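Hi,

Here is the model I promised to pass on to you. Have a look at it first, and then read on for what turned up when I went through it.

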Amino acid sequence: MKSEKIISMNKICKSFPLEIGGVQQVLFDISFDINSGEFVTIMGPSGSGKSTCMNIVGALDSATSGTYELYGKDITTLKPDDLATIRNEYIGFVFQNFNLLPKRNIMDNVMLPLMYRGLPMNERITRANEMLKLVGLEKFGSYLPTQLSGGMKQRVAIARALAGQPKLILADEPTGALDSTMGNEILKFFKKLNHDFGITIIMITHEFEIAQYTDRIIHIYDGRIVYDGIVPKNENVLLKAEKKK
Ligand SMILES: Nc1ncnc2c1ncn2[C@@H]1O[C@H](COP(=O)(O)OP(=O)(O)O)[C@@H](O)[C@H]1O
Ligand SMILES: [Mg+2]
């Protein structure tokens, strides 16, 4: 499969208004391209702007200035409703705290994004079952989220993200609430999804060990990209880049 440019960010800046007046600028001239089939980490210390950047990539928020093209469409100035349509069509999300509906069973949780697509019920059920099988949880459809371990909950969240057959998965600190064994299991699963199905994955983390599962690091420090390239052998390369900025 030939890889194509699916994300193109050009000089994206983001500021938030402050209650006391004025603004806080969080992102400064963020520019990068991502091709289909890539497995990329957005890395940086806490507060560096990773989630803010991810929210713009995921069409959950819009930039203050700069341009953003997703799948060849300039979505920089789309209104929230149109952004929601884009999200639903292209993107699957995975969050640190799973964001499962606590009172709905696993099957319902996985079927949720399919409801917005207007798929008939029997297709929703078939597809949700397939996704649960893919993450090894086909026997747990009738369980509630509270009955599962953290690692299992994150697998449900991944099944939900995959149910809409997205081209792109965005994962914000997906192993942040898991112990290292469960975390490694999730990372291996992402690697498999990327490798076997060619799904583009962008993952946020502040940990270099986690970034090592991926092929490229975009390192953000104080709202600026200080490194964008292959995963270096040693984290010092990134720490040096922070000092040079
Ligand atoms: N909605 C918001 N309103 C105001 N400030 C925000 C908002 N979201 C993030 N920030 C600020 O932007 C900075 C970067 O936050 P964030 O993107 O969450 O960093 P990270 O994910 O790297 O920890 C922080 O100083 C945070 O307080
Ligand atoms: Mg964050």
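One definition before the details: a residue counts as buried if 20 or more other C-beta atoms lie within 10 Å of its own, with C-beta atoms placed from the backbone. By that count helix α1 is mostly covered, since seven of its eight residues are buried. They are K50, S51, T52, C53, M54, I56 and V57. Just after α1 comes A59, which has a positive phi, near 60 degrees. Please keep in mind throughout that this is a predicted model.

Now the overall picture. The protein chain has eight helices and ten strands. Its radius of gyration is 18 Å, close to the 18 Å that the globule rule gives for 245 residues, so the chain is as compact as a globular protein of that length. The C-alpha trace spans about 55 × 45 × 40 Å along its principal axes. Of the 245 residues, 39% count as buried. Among contacts with a separation of 6 or more, 65% are between residues 24 or more positions apart.

Next, the ligand. Which residues are around ligand 1? The list is F16, Q24, V26, G44, S46, G47, S48, G49, K50, S51 and T52. Two elements, β2 (23–35) and α1 (50–57), each supply at least two residues of this shell. The most comes from α1, with three residues. By class, the shell has two nonpolar, eight polar and one charged residues. You may like to view α1 with both roles in mind: this helix is mostly covered, and α1 also gives the most to the shell around ligand 1.

The nonpolar core deserves a look too. The largest one holds 63 residues, and I42, V110, A159 and L170 touch the most other members. Helix α5 (residues 150–163) makes the largest share of this core, with eight residues. Leaving out residues up to four places away in sequence, I42 touches K50, C53, M54, I202, I204, I218 and I220. Three of those names, K50, C53 and M54, are also among the buried residues of α1.

L170 takes us to strand β7 (residues 168–172), where five of five residues are buried. How do the residues of β7 point? L168, L170 and D172 point one way and I169 and A171 the other way, and all are buried. In a regular strand the side chains alternate between the two faces of the sheet. Strand β6 (residues 91–95) pairs with β7 in the parallel sense over five bridges, and V94 stands opposite A171 in β7. Another five bridges join β7 to β8, and these two strands also run parallel. There, I169 has I201 in β8 as its bridge partner.

A separate set of four strands forms an open sheet in the order β2-β1-β4-β5, with antiparallel pairing. The edge strands are β2 and β5 (73–74), each pairing on one side only. Strand β1 (residues 5–17) and β2 run antiparallel and are joined by nine bridges; M9, for instance, stands opposite F32 in β2. These two strands form a hairpin with five residues between them, and G21 in the turn has a positive phi of about 100 degrees. At the other end of the order, two bridges join β4 (residues 65–70) to β5, again antiparallel, and E69 has D74 in β5 as its bridge partner.

Last, a residue you might pick out by eye: is H206 buried or partly exposed? H206 has 16 other C-beta atoms within 10 Å, fewer than the 20 needed for buried, so it is partly exposed. H206 is found in the loop between β8 (200–205) and α7 (208–211). Neighbours within four places in sequence aside, H206 is in contact with M43, G44, P45 and S46. Of these, G44 and S46 also appear in the list of residues around ligand 1. The C-alpha atoms of H206 and G176 are separated by 9.4 Å, with the two residues 30 apart along the chain.

Happy viewing, and best wishes

Technical notes. Residues are numbered from 1 along each chain as its sequence is written. Chains are lettered from A and ligands numbered from 1 in the order in which they are written. This is a predicted model: local features need pLDDT of at least 70, side-chain atom pairs count only at pLDDT 80 or more; totals for chains, interfaces and linings use all residues. A residue is near a molecule or strand if its C-beta atom, placed from the backbone, lies within 6 Å of it. Ala, Val, Leu, Ile, Met, Phe, Trp, Tyr, Cys and Pro count as nonpolar, Asp, Glu, Lys and Arg as charged, and the others, Gly among them, as polar. A nonpolar core is a set of buried Ala, Val, Leu, Ile, Met, Phe, Trp, Tyr and Cys residues joined through C-beta atoms within 7 Å. A residue is buried if 20 or more other C-beta atoms lie within 10 Å of its own, exposed if 12 or fewer, and partly exposed in between; C-beta atoms are placed from the backbone. Two residues are in contact if their C-beta atoms, placed from the backbone, lie within 7 Å. The radius of gyration is taken over C-alpha atoms; the globule rule is 2.2 Å times the number of residues to the power 0.38. Two strands pair if DSSP finds at least two bridges between them.
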